[in-house]
Structure formats: C-alpha cells, structure tokens
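User: Could you take a close look at one residue for me and then work outwards to the rest of the chain? I'd like a connected walk-through.

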Amino acid sequence: MATPNLVNVAAIRPLLKAGDLTTSDTALVDCDADDAWKIESIFLCNADTTNSCTADIDVSVDNGSNYYYLCKGLVIPPATTISIIDRPMFLDETDLIRGLASANGDIDYVISGTKIVD
C-alpha cells in the first residue's frame with residue numbers, strides 16, 4: 001500500500017454514508033486501501049423529539065490503533081441536526097471514522113464527500 005497519488009487518479013466518485021449510531025463504537029467510514037477520501041461534511045441528527053442525546057465521533061489515521069476525537073460527549077438537543085466539521089478533511093488508505101451515541105438509534109449520521117481512487 002502506498003499513499004494515493006492525487007495528481008494521477010483512476011476515478012473520482014461521490015461518497016455518501018448514512019445510518020444510526022449505537023451505544024457501541026461503530027466504524028462509520030473505512031477508507032479503502034489505495035484510495036483517498038475527501039470528507040466534506042458530517043451531520044448528526046437527534047431523531048428523538050423529546051430527549052437530548054450525546055455523541056462521540058473520532059478518527060484513526062493508523063488503521064484503528066489510535067483514535068482522536070472530532071467531538072466527545074456532544075449534546076444534541078431533541079429534533080436537532082448539528083454539523084461536526086466545517087472544513088473538508090482527507091482520509092488516507094485504511095483511515096477510519098467511528099462513532100457512538102448515548103442511546104441506540106436516536107442519532108442519525110450522514111457523511112458526504114468524494115472518493116478518489118488511485
């Protein structure tokens with residue numbers, strides 16, 4: 001595996017990941033080997049219309065050996081959507097984004113970006 005060459009790419013494709021967070025750390029994005037992914041937005045929505053919920057989102061740049069928080073214990077009010085990043089970030093091959101919530105199924109996530117295939 002080598003760092004993808006962003007000057008000479010084989011394909012550029014849209015990337016959209018969506019689902020529900022659970023109370024266990026779950027991989028939301030797992031960048032493929034030989035690819036780079038440009039993550040342009042991460043949205044979290046509390047689908048519960050009555051109760052607040054907390055969420056953690058973290059990223060690993062070493063295939064899951066270490067994680068670094070994008071947000072920890074972020075309180076999301078009922079029926080509210082929050083943007084987690086306000087600038088794009090690049091994931092290199094085998095980088096990961098994972099997340100969890102304080103209640104199963106209350107927090108929906110939507111991650112959008114571009115998949116760059118070397």
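Analyst: Let's start with I116, bearing in mind that this is a predicted model. I116 has a relative accessibility of 11% and counts as buried, because the cut-off for buried is under 20% relative accessible area. The residue is part of strand 9.

Who sits around I116? Setting aside residues up to four places away in sequence, I116 touches L6, V9, A11, D35, A36, W37 and F90. Take L6 from that list: 110 residues separate L6 and I116 in sequence, yet their C-alpha atoms are 7.5 Å apart in space.

That pairing goes along with the contacts of the whole chain. Counting contacts between residues at least 6 apart in sequence, 81% join residues at least 24 apart.

Now for the elements. The chain has nine strands and zero helices, so from the N terminus on it reads β-β-β-β-β-β-β-β-β. With a radius of gyration of 15 Å, close to the 13 Å the globule rule gives for 118 residues, the chain is as compact as a globular protein of that length. Along the principal axes, the C-alpha atoms fill a box of roughly 50 × 25 × 20 Å.

On to the interior. Buried residues account for 40% of the 118 residues. The largest nonpolar core has 24 residues, and the ones touching the most other members are L21, L28, I39, I42, L44, L91 and I97. Several strands each supply at least two residues of this core, among them strand 3 (35-46), strand 5 (68-76) and strand 9 (107-117). I42 makes a good example: leaving out residues up to four places away in sequence, I42 touches L70, I82, S83, I84, I85, M89, I97, V110 and I111.

For a contrast with I116, try K72, which is found in strand 5. K72 is exposed, with a relative accessible area of 54%, because exposed means over 50%. Beyond its neighbours within four places in sequence, K72 is in contact with A55 and D56. D95 lies 23 residues from K72 along the chain, and the C-alpha atoms of K72 and D95 are separated by 19 Å.

Last, the outside of the chain. About 6,200 Å² is exposed, with carbon and sulfur atoms supplying 49% of that area. As for charge, there are 7 positive and 18 negative side chains, and the centres of the two sets lie 4 Å apart.

Key: Residues numbered from 1 in each chain as written. Predicted model: local features only at pLDDT ≥ 70, side-chain atom pairs only at ≥ 80, totals over all residues. Heavy atoms only, no water. Helix = DSSP H or I, 4+ residues; strand = E, 2+ residues; numbered from the N terminus. Rg over C-alpha atoms; globule rule 2.2 N^0.38 Å. Buried < 20%, exposed > 50% of the residue type's maximum accessible area, 1.4 Å probe, protein only. Contact = heavy atoms within 4.5 Å. Areas by Shrake-Rupley, 256 points an atom, 1.4 Å probe, with all protein chains shown as cover. Lys, Arg positive; Asp, Glu negative; His and termini not counted. Charge placed at Lys NZ, Arg CZ, Asp CG, Glu CD. Core = buried A, V, L, I, M, F, W, Y, C linked by side-chain atoms within 4.5 Å.
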